[in-house]
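I opened my notebook with two topics to look up, helix packing and salt bridges, and I wrote down each entry as I went.

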Amino acid sequence: MSEVTNSRHGGPVHRRWIPVGLAARCSAGFHAWWARRHGSAPPAHDTGGAPPPSAAAGESELWRMRTTVKDEPGALAALCTELAGLRVDILTLQTHPLGADTVDEFLLRAPAGTDLTAAVGRAGGTATWIERADAHDLVDAPTRVLGLAARTAQDASELPLALRQLLGRCTIRSLPADGPEPHGTVPAEGSLEDTVIRLRAPEGGVITVERPHLPFTPTEFARARALVELDARLGPRLPRGRDVLRLPEGGDISVRRADTGDLAAARAMHERCSAHTLRMRYHGPVGDADRYLNHLLSPRFGRTLAVQTASGRIVGLGHLLWDGDETEVALIVEDAWQRRGIGGALLARLVAMAAEAGCAHVYAVTQAANTGMVAAMRGLGLPLDYQIEEGTLVVTARLDAVPSRNAPEHGERIGRS
């Protein structure tokens with residue numbers, strides 16, 4: 001089994017997320033500017049969420065709703081009274097002041113089939129946006145934000161996921177310092193223009209957060225900047241700890257998180273790999289590991305697992321890479337350590353991490369002839385989708401069937417694949 005796969009773009013060049021530290025508050029002038037720029041939100045249900053369906057009487061449904069009302073006495077009361085008349089239960093409420101107007105964000109439990117948009121319109125609400133909610137939305141906003149901050153503080157790779165959970169469905173990308181949008185084109189305090197947030201990265205480059213279906217509010221902008229500033233102040237970090245794996249032929253190896261501090265050991269492993277293994281992993285010959293390893297090992301762009309012998313030598317790497325809205329898995333195992341089940345053990349752990357992070361699916365890109373990688377993906381026991389074009393195979397695993405622990409327990413023997 002050749003336990004390798006490769007990047008969708010022929011190497012590690014991805015639209016990746018870069019952290020940035022910035023000041024945390026918006027000025028009153030900025031709020032006024034945003035209010036002038038923001039004329040309306042998209043029409044109801046223009047977010048990919050399903051419109052309120054007709055359902056059996058007596059059933060209830062959870063909805064997230066935003067609407068804009070005048071910032072004047074009685075406006076919110078009129079809205080709440082209209083909802084109460086339809087037996088709609090308001091579970092949470094957040095307000096986003098915009099000067100003359102206020103964006104009110106609700107979590108609602110409504111009788112099935114309730115026409116929320118019409119009800120809000122009768123009460124004076126405009127630019128109303130609605131989408132389905134679930135039990136996770138029942139956590140109050142301060143508790144949720146503190147939880148995201150705690151996760152970010154423990155692991156630098158959590159920040160893009162935390163931002164996505166903070167802001168809802170959005171796409172987070174980065175542009176390098178020498179890209180089409182240089183660092184200097186974004187103000188030091190960042191910029192917000194309706195559906196796009198732009199922030200400057202301390203390492204150079206620009207981070208963008210896009211949410212085309214719903215404009216960001218200044219409050220959300222300030223929260224995002226505060227979370228990013230926390231990440232920047234804490235600096236590089238990742239959780240420590242390791243799993244011990246017992247090989248079928250005897251002996252133990254360990255799996256642990258890796259970062260750029262492992263660059264020299266990872267480079268040495270690549271130098272020991274055959275040209276065939278490198279070609280299978282990177283869609284062609286690779287002559288200079290410095291071009292991609294620093295990127296792949298950075299927790300800013302995902303998570304990396306290293307397989308390490310008792311002597312401390314790295315013999316395998318597995319990457320879980322945030323690629324815009326998607327998540328990629330990639331593996332490479334040193335030739336002498338292939339066909340021992342190491343690739344399968346790495347893949348199972350990466351998929352479990354992706355599921356824990358809330359990813360809907362992961363994809364692996366490899367060559368159609370790489371039957372070993374296909375076998376490893378099939379060994380996950382998950383629904384798979386295959387796409388092939390000109391010898392390149394993309395295998396996508398759906399994660400809604402991932403068990404709570406889709407990896408061997410600490411010290412468990414791994415099977416041969």
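**Entry 1: two helices.** I began with the directions of two helices, keeping in mind that this model is predicted. I noted that α4 and α5 are roughly antiparallel to each other, because an angle over 145 degrees counts as roughly antiparallel and the two helices pack at about 170°. For the record, helix α4 covers residues 141-154 and helix α5 covers residues 159-167, and their axes lie 9 Å apart.

I then looked up which residues make this contact, and I found R144, V145, L148, R151 and T152 on the α4 side, with L159, L161, A162, Q165 and L166 on the α5 side. Sorting them by class, I wrote down six nonpolar residues, two polar ones and two charged ones.

**Entry 2: salt bridges.** How many salt bridges does the structure hold? I found 16 of them, and I reminded myself that side chains of opposite charge can pair when their charged atoms come close. I followed up three of these pairs in turn.

**Entry 3: R66 and E220.** Here the closest N and O atoms of the salt bridge are 2.5 Å apart. I noted that R66 sits in strand β1 (residues 60-70) and E220 in helix α6 (residues 218-234), so that the pair links distant parts of the chain, 154 residues apart. Are these two residues buried or exposed? I found that both R66 and E220 are buried.

**Entry 4: R122 and E82.** In this salt bridge the closest N and O atoms are 3.0 Å apart. Because R122 belongs to helix α3 (residues 116-122) and E82 to helix α2 (residues 75-85), the pair ties together parts that are 40 residues apart in sequence. I listed R122 as exposed because its relative accessibility is 53%, whereas E82, at 23%, counts as partly exposed.

**Entry 5: E131 and R169.** I found these side chains meeting in a salt bridge with an N to O distance of 3.2 Å. E131 is in strand β4 (residues 126-132), while R169 is in the loop between α5 and β5 (171-175), and the pair links distant parts of the chain, 38 residues apart. I wrote E131 down as buried, at 12% relative accessibility, and R169 as partly exposed, with a relative accessible area of 43%.

**Entry 6: a network.** Lastly, I looked up which residues are joined by salt bridges that share partners, and I found one network made up of R64, R66, E105, E131, R169, R211 and E220.

Technical notes:
Residues are numbered from 1 along each chain as its sequence is written. This is a predicted model: local features need pLDDT of at least 70, side-chain atom pairs count only at pLDDT 80 or more; totals for chains, interfaces and linings use all residues. Side-chain values use heavy atoms; hydrogens and water are left out. Axes are lines fitted to C-alpha atoms, for helices over the stretch in contact, and angles run from 0 to 180 degrees between N-to-C directions. Helices (H or I, at least four residues) and strands (E, at least two) are DSSP runs, numbered from the N terminus. Angles under 35 degrees count as roughly parallel, over 145 as roughly antiparallel, 65 to 115 as roughly perpendicular and the rest as oblique. Contact means heavy atoms within 4.5 Å. Ala, Val, Leu, Ile, Met, Phe, Trp, Tyr, Cys and Pro count as nonpolar, Asp, Glu, Lys and Arg as charged, and the others, Gly among them, as polar. A salt bridge is a side-chain nitrogen of Lys or Arg within 4 Å of a carboxyl oxygen of Asp or Glu. Buried means under 20% relative accessible area, exposed over 50%, partly exposed in between (1.4 Å probe, protein chains only).
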